[in-house]
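Visitor: Hello! I am new to this structure and would love a close look at a single part of it. Could you walk me through that part and what surrounds it?

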Amino acid sequence: MFDDDRVFKALGDATRRFLLDLLFKRDGRTLSELEAELTMTRFGVMKHLRVLENAGLVITRRAGREKLHFLNPVPVRLIHDRWIDKYTERQVSTLVDMKTTLESKKWMPVKKRA
Amino acid sequence: MDAGKKASVTTKIHEIYIRSTPETIWSAITSPEWNDKYGYRAAAVYELKPGGKYAAKATAQMRTMGLPETIIDGEVLEAHPPRKLVQTFRFLFNEQNRAEGFTRVTWEIEPTASGFCRLTVTHELDGAPIMAAATSGKYSEKGGGGWAWIISDLKSLLETGKSMSG
């Protein structure tokens, strides 16, 4: 069930956000693949994945013997629509654009002409 | 679940809970009187039987942008109203899209407790990176667009009578 509290709680942890970022980069990973990216016990990773699953942010599917993990972006979308869009969309997107530009390698300070 | 068996690294799964009935959600997906009221607002016609045609028509605004009359085509593979629909799905916006060929979309509607239904859209995107990017919302401004936006808008329409896309 979509539940803002569960989603916010699930997102309120750096390891869980890291797991979501991993799935964003490449979906359909196994527990072993995810575990390999973290310095944490298998049990610890499983616990975090369960929190993400309960919040609807991660969906699992069986593929043969393996259990694959998929990112479900919809709860984040709903939070965006409910909380970001309503109050601060314009300001936030300007800041995000600025951050993206400043952090990208393409950005270079303008050289003064001699 | 057969969509699950085919899950791979290119599969995308979108899941949402909607306070509605399976019948209403089914109509909202499959009938052109409903499916032009949310998301990109392109009316889509389904021939709801295996081998039946699927075609989404460009809106007047899309036509003025030079898009063809049919912007997405495909075939119905399975139709089990009001619970499961499996179809193929191909963009026809341009030659690159057409060349990627057909992908497969599975819609599943599962009633849960307390009057909600879980709608799951599973998109198998093997060999279709352009469509994968487009349906993830990558090309739209403000991070919108794509399946997450479409089904959030569907939820909004069914729960409040109003879509977000205006």
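In which loop of chain B is the place of P82(B)?

Guide: Welcome! One thing to keep in mind is that this is a predicted model. P82(B) sits in the loop between β4 and β5 of chain B. The peptide bond leading from P81(B) into P82(B) is cis, with omega near -5°. As a general rule, most peptide bonds are trans.

Let us look at the two strands on either side of that loop. Strand β4 covers residues 70-80 of chain B and strand β5 covers residues 84-91; they run antiparallel and are joined by six bridges. One pairing you can look for is E78(B), whose bridge partner in β5(B) is V86(B).

Now step back to the sheet. Seven strands of chain B make up an open sheet, in the order β1-β7-β6-β5-β4-β3-β2, with antiparallel pairing. At the edges stand β1 (11-18) and β2 (44-46) of chain B; each has a single partner strand, so one side of each has no neighbour in the sheet. On average, neighbouring strands here are turned by 20° against each other, direction ignored.

Helices come next. Helix α2 of chain B, residues 22-30, packs on the sheet and touches β1, β2, β5, β6 (103-111) and β7 (117-124) of chain B. The direction of α2(B) makes about 155° with that of β6(B). Helix α7 of chain B, residues 146-160, lies across β1 and β7 of chain B and runs at about 15° to β1(B).

Helix α7 of chain B is also where you will find L158(B). L158(B) counts as buried because it has 22 C-beta neighbours inside 10 Å, and 20 or more are needed for that. Leaving out residues up to four places away in sequence, L158(B) touches I18(B), S20(B), T24(B), I25(B) and A28(B). P68(B) is another matter: L158(B) and P68(B) are 90 residues apart in sequence and 29 Å apart in space, C-alpha to C-alpha.

Follow the contact with I18(B) and you reach the inside of the model. With the same kind of sequence neighbours left out, I18(B) touches I25(B), F116(B), C117(B), L119(B), K155(B), L158(B) and E159(B). The largest nonpolar core has 25 residues, and I18(B), I25(B), L119(B), I151(B) and L154(B) are those with the most contacts inside it. At least two residues of this core come from each of α5 (74-103) of chain A and β1, α2, β5, β6, β7 and α7 of chain B. The largest share, eight residues, is supplied by α7(B). Apart from this core lies another one, of 14 residues, among them A10(A), L34(A), L49(A) and L71(A).

To finish, here are two more loops of chain B with backbone details to look at. Most residues other than glycine have a negative phi. R41(B), in the loop between α3 (32-35) and β2 of chain B, has a positive phi of about 65° although it is not a glycine. R41(B) counts as partly exposed because it has 16 C-beta neighbours inside 10 Å. S114(B), in the loop between β6 and β7 of chain B, has a positive phi of about 60° and is not a glycine either. S114(B) is exposed, since 8 other C-beta atoms lie within 10 Å.

Key
Residues are numbered from 1 along each chain as its sequence is written. Chains are lettered from A and ligands numbered from 1 in the order in which they are written. This is a predicted model: local features need pLDDT of at least 70, side-chain atom pairs count only at pLDDT 80 or more; totals for chains, interfaces and linings use all residues. Two strands pair if DSSP finds at least two bridges between them. Helices (H or I, at least four residues) and strands (E, at least two) are DSSP runs, numbered from the N terminus. Axes are lines fitted to C-alpha atoms, for helices over the stretch in contact, and angles run from 0 to 180 degrees between N-to-C directions. Two residues are in contact if their C-beta atoms, placed from the backbone, lie within 7 Å. A residue is buried if 20 or more other C-beta atoms lie within 10 Å of its own, exposed if 12 or fewer, and partly exposed in between; C-beta atoms are placed from the backbone. A nonpolar core is a set of buried Ala, Val, Leu, Ile, Met, Phe, Trp, Tyr and Cys residues joined through C-beta atoms within 7 Å.
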